[in-house]
Amino acid sequence: MKALFIIALAIALSLPATANAQPQRTLLRPAAVFDGTDPAPHPGWQVLVEGDRIAAVGPNLSVPAGTQTIDLPGQTLMPGMIEGHGHLFLHPYNETPWDDQVLHEPLAVRTIRAAKAAEITLKAGFTTTRDLGTEGAGYADVGLKKAIDSGLTPGPRLLVATRAIVAQGAYGPKGFEPGVIVPQGAEEASGVEGIVRAVRGQIAAGADVVKLYADYHYRPGEPSLPTFSQAELDAATAAAHDAGRTVAVHAVTAEGMRRAIAAGVDTIEHGDEGTPAVFKAMAARHIAFCPTLAASEAISRYRGWTDPEHPPAAVAESRTAFKAAMAAGVPICMGGDVGVFAHGDNASEMRAMAAAGMAPAQVLIAATSGNAAAFHLTDRGAVRTGLLADLIAIEGDPTRDLTALTRIRLVMKGGAVVR
């Protein structure tokens, strides 16, 4: 009996001291709460956080003894934002052209830079990022996600697409000696069996979302053309959905968009040549649209555009498509293709959306509950009891003025203050 007692005591002493401790509670007291679904902020609301979840929301909350209180005077508390289209393994093209990043930058350097970009993104108020392809960095996004989840490095919650999938011969880098095998910015596939094999391989490697290119330009200077056939897109989408993964599709042309819609994908990216009929079909299938306005604007600036009153054709085209999507009632995804421009300036897409005619509060909804719905994330995107305590506080009222997003005063991820 004495031996059994000693064994039991040893086991008890080996247990963590916090095993029976209550989760930490924090009361956040801002001037108002924007809940991510209602366009109007709620003055006087408070938020009680318990552990990594929101325990209560509303005015004059009853607070247990021992709760830490954080006062946020003059600030609006809202859900952590969700970046809908990012590339953590890219950095602005005016620093290094895309081809050189893919072909010449060492994987270790790209991964370290991506980790820094992830930290910057989190501190900018984006607590979740959908990263749509490593652009030649293989499966390094899977490792970065694990590093963030384990606490090794700070960053947002990641949804990763790994290598992305393109039609054989349709992507880049291009322009080298014919017959010389040049590393590509995405995984090439051809035929129904080939594309399904690529989808399943990427999922096995850790992909949360499958990224497909429905169109692209085969040679530099050529216009974008459809690449994958309808049968290929259908098969790839079905394979991804069978595995519980969402499908994001790069599609610039109207025909590429039509094929993606027919395949039943979850989101369409860019859509510059989308027509009212195409967007009407998207709305009927509840397929979300990520217009990536900020990327188009950034690339035009790199090429010399300086007059905001006279946008170049590419910028005007993307804005026209965005307005047509809104008019058709398409669910709007907030995703700027960040990486083309600087990480941390993710909100430039939100300002571009507002400048193109979307009300600031609706832009904020797109970046929170809208993206959560589009990506099937049921545990975040709103300030609601039971959801993850991914929260940010902003000086001022961003529902009236999106420039307030440059004045982030608090970032909380899973109940822990990270800024």
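Visitor: Is the crossing of helix 3 and helix 4 right-handed or left-handed?

Guide: Handedness depends on which way the near helix is turned from the far one, by less than a right angle; clockwise counts as right-handed. In this predicted model, helix 3 and helix 4 make a right-handed crossing.

Visitor: At what angle do helix 3 and helix 4 pack, and how far apart are their axes?

Guide: The angle is about 45°, and the axes lie 11 Å apart. Helix 3 covers residues 107-123, and helix 4 covers residues 140-149. Helix 3 is therefore oblique to helix 4, because angles under 35 degrees count as roughly parallel and those from 65 to 115 as roughly perpendicular.

Visitor: Which residues meet where helix 3 packs on helix 4?

Guide: Helix 3 brings Leu107, Thr111, Ala114, Ala115 and Ala118, while helix 4 brings Ala140, Leu144 and Ile148. Sorted by class, this contact has seven nonpolar residues, one polar residue and no charged ones.

Visitor: How many helices and strands are in the protein chain?

Guide: The protein chain has 12 helices and 19 strands.

Visitor: How does the radius of gyration of the protein chain agree with that of a compact globule?

Guide: The idea is to set the value against what a globule with this number of residues would have. For 419 residues that is near 22 Å, and the protein chain has 23 Å, so the two agree. Along the principal axes, the C-alpha atoms fill a box of roughly 75 × 60 × 40 Å.

Visitor: What share of the residues count as buried?

Guide: Of the 419 residues, 53% do. As for contacts with a separation of 6 or more, 68% are between residues 24 or more positions apart.

Terms used: Residues numbered from 1 in each chain as written. Predicted model: local features only at pLDDT ≥ 70, side-chain atom pairs only at ≥ 80, totals over all residues. Heavy atoms only, no water. Axes fitted to C-alpha atoms, helices over the stretch in contact; angles between N-to-C directions. Helix = DSSP H or I, 4+ residues; strand = E, 2+ residues; numbered from the N terminus. Parallel < 35°, antiparallel > 145°, perpendicular 65-115°, else oblique. Contact = heavy atoms within 4.5 Å. Nonpolar A, V, L, I, M, F, W, Y, C, P; charged D, E, K, R; others polar. Rg over C-alpha atoms; globule rule 2.2 N^0.38 Å. Buried < 20%, exposed > 50% of the residue type's maximum accessible area, 1.4 Å probe, protein only.
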